[in-house]
Structures are given as structure tokens and as C-alpha cells.
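Hi,

Here is the model I said I'd pass on. Have a look, and my notes follow underneath.

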Amino acid sequence: LEVLDADSVRRWVVVTRAALAARRAEIDALNVYPVPDGDTGTNLYLTYDEALAVVRNENERRGVLGQLSAAQEANALARAMLLTARGNSGVILSQIVRGTTEVLVDPDGRAAPAVAVSA
């Protein structure tokens, strides 16, 4: 990966969801902060999965699936994450995604200059 573009963002989202799915039981077993109730991994996965479904459905409805810029994709995901957040961990995850989006998108909503990725 040399440049973070719209396709890279889409791949990152899918890979991250898969990683959360694979580790959700393990994270649940950690019983982590801020509320040690044993469902943190499930809440992270469900937040991510539902947000991805919301964005995909909205893009399909508008006829723009796979055609948006990295900035548009990132903004849509960040918004959907907050709206679909499950539990405290889901809200925290949504804020992490929002912060990442702010790095990728300038204040006018355009993609920031190409984000070079170094190994």
C-alpha cells in the first residue's frame, strides 16, 4: 500500500470488520473498560458491521456504490458509526473512526492530499 485512496479505505473497512468478527469472543472475554460487562467485542463488531451495512445500502440506493471518493466514503462511515454505535465501546470506536476521517478529509469535505503510507 503506497497511497490511501477510496479503494484502500474500502478494503481497510472490510478487513477491519473481519478482524473484529474473528476476535469478538476473545475481546468479550477480556471484560474491558469502560463497562466490564462481557460484550465489548460483540458491541465493536456490531457497530462496525451495521455502519458498513448502512453506508452500503445508502450508496446502493443512490446508485453510487463503489464510486465515491475516499473522503466521501470516510465521512459516510464515520457518521454511520456514531448512529449505529452499540454500548460505550461502539461510541469510542466511532470517535476513533471520526478522528481518522479528519486526517483524511480537509475542512471543506475534500480528500486531503494523497496520504502516503510508509512501511
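**A valine beside a pocket**

Val55 is buried, at 9% relative accessible area (buried is under 20%, exposed over 50%, partly exposed in between, with a 1.4 Å probe and protein chains only). Before going on: this is a predicted model, where local features need pLDDT of at least 70, side-chain atom pairs count only at pLDDT 80 or more, and totals for chains, interfaces and linings use all residues. Residues are numbered from 1 along each chain as its sequence is written, and side-chain values use heavy atoms, without hydrogens or water.

Val55 sits in helix 2 (helices are DSSP runs of H or I, at least four residues, numbered from the N terminus). What does Val55 touch, leaving aside neighbours within four places in sequence? Its contacts are Glu73, Ala76, Leu77 and Ala80, contact being heavy atoms within 4.5 Å.

Helix 3 runs over 70-84 and has 15 residues. Its buried residues include Glu73, Leu77 and Ala80, and the cover over the buried ones includes helix 1 (6-30), helix 2 and helix 4 (87-104).

Val55 also helps line the second largest pocket, as do Val54, Ala76 and Ala80, among others. A pocket here is an open set of points on a 1 Å grid over the protein atoms alone, where a 1.4 Å probe fits, with protein on both sides within 12 Å along at least five of seven lines; lining residues have an atom within 4 Å of a point. Helix 2 and helix 3 each give at least two residues to that lining.

Cheers

Notes: Expected span 1.5 Å × (residues − 1).
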